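Biologist: Hi, could you pull the model up and walk me through it? I'd like to ask about a few spots as we go.

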Amino acid sequence: MAQSINITELHLPQLEMLKNQLDQEVDSMYVPGKLHDVEHVLIHVGTGYYVEKTAEDAKDFFKRKIDFLTKQMEKIQPALQEKHAMKQAVMEMMSQKIQQLIALGAAQATAKA
């Protein structure tokens, strides 16, 4: 029996937990099936197009695709590392500013008292 939840009544942390739970469930959905022809397979070649290939041709296709993606990852790795360093610097600056605001608020509260 399916569980019913009124999402309009949930608070933000509850909505986040629900979203994470649904993401996990979608990732683990399986449909049973049987192959009638194990010598030929359909492979997704991109943008909704499928091609029928022999199992051996499909292996070759995916090996080439893996090689291509590996090379692309190696190309963008330096840029990713630079972006990560920039993100860390921004996060540190935000943390410092938040600490300054907290200290300023505490000083103002003390001055008023």
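Modeller: Happy to! Let's start with Ala 107, which lies in helix H2; helices (H or I, at least four residues) and strands (E, at least two) are DSSP runs, numbered from the N terminus.

Biologist: Is Ala 107 buried or exposed?

Modeller: Ala 107 counts as partly exposed because its relative accessible area is 46%. The cut-offs are under 20% for buried, over 50% for exposed and partly exposed in between, with a 1.4 Å probe and protein chains only.

Biologist: And how far is Ala 107 from Lys 34 in space?

Modeller: Their C-alpha atoms are 71 Å apart, with the two positions 73 residues apart in sequence numbering.

Biologist: Before I go on, what kind of model is this, and how are things numbered?

Modeller: It is a predicted model, where local features need pLDDT of at least 70 and side-chain atom pairs count only at pLDDT 80 or more, while totals for chains, interfaces and linings use all residues. Residues are numbered from 1 along each chain as its sequence is written, and side-chain values use heavy atoms, with hydrogens and water left out.

Biologist: What is the mean pLDDT of the chain?

Modeller: The mean is 87, and 92% of the residues reach 70 or more; pLDDT is the predictor's confidence in each residue, from 0 to 100.

Biologist: Where is confidence lowest, and where is it highest?

Modeller: Helix H1 has the lowest, with a mean of 79, and strand E2 (residues 49-54) has the highest, at 94.

Biologist: OK, overall layout. What pattern does the chain follow?

Modeller: Along the sequence you get α-β-β-α, from two helices and two strands.

Biologist: How does the radius of gyration sit against a compact globule?

Modeller: The protein chain has 26 Å, whereas a compact globule of 113 residues would be near 13 Å. That radius is taken over C-alpha atoms, and the globule rule is 2.2 Å times the number of residues to the power 0.38. The C-alpha trace spans about 80 × 50 × 20 Å along its principal axes, and 4% of the 113 residues count as buried.

Biologist: Back to H2. What about Gln 99 and Asp 57, how far apart are they?

Modeller: They are 42 residues apart along the chain, and their C-alpha atoms are separated by 59 Å. Gln 99 lies in H2, which covers residues 55-112, and counts as partly exposed because its relative accessibility is 49%.

Biologist: How many aromatic pairs are there?

Modeller: There is one. The rings of Phe 61 and Phe 62 have centres 5.2 Å apart and planes at 80°, so this pair is edge-to-face. Rings of Phe, Tyr and Trp (its six-membered ring) pair if their centres lie within 6.5 Å; planes under 30 degrees apart count as stacked, over 60 as edge-to-face and the rest as tilted.

Biologist: Which of those two is buried?

Modeller: Phe 61 counts as buried, at 16% relative accessibility, while Phe 62 is partly exposed at 37%.

Biologist: Any charges pairing up? Which residue does Asp 67 bridge to?

Modeller: Asp 67 forms a salt bridge with Lys 63, and the closest N and O atoms are 3.2 Å apart. A salt bridge here is a side-chain nitrogen of Lys or Arg within 4 Å of a carboxyl oxygen of Asp or Glu, and the count comes to one. Both residues lie in H2, four residues apart, about one turn of the helix.

Biologist: Last one, the loop. What is odd about phi of Thr 47?

Modeller: Phi of Thr 47 is near 45°, a positive value in a residue other than glycine. Thr 47 is found in the loop between strand E1 (40-46) and E2, and counts as exposed at 75% relative accessibility.
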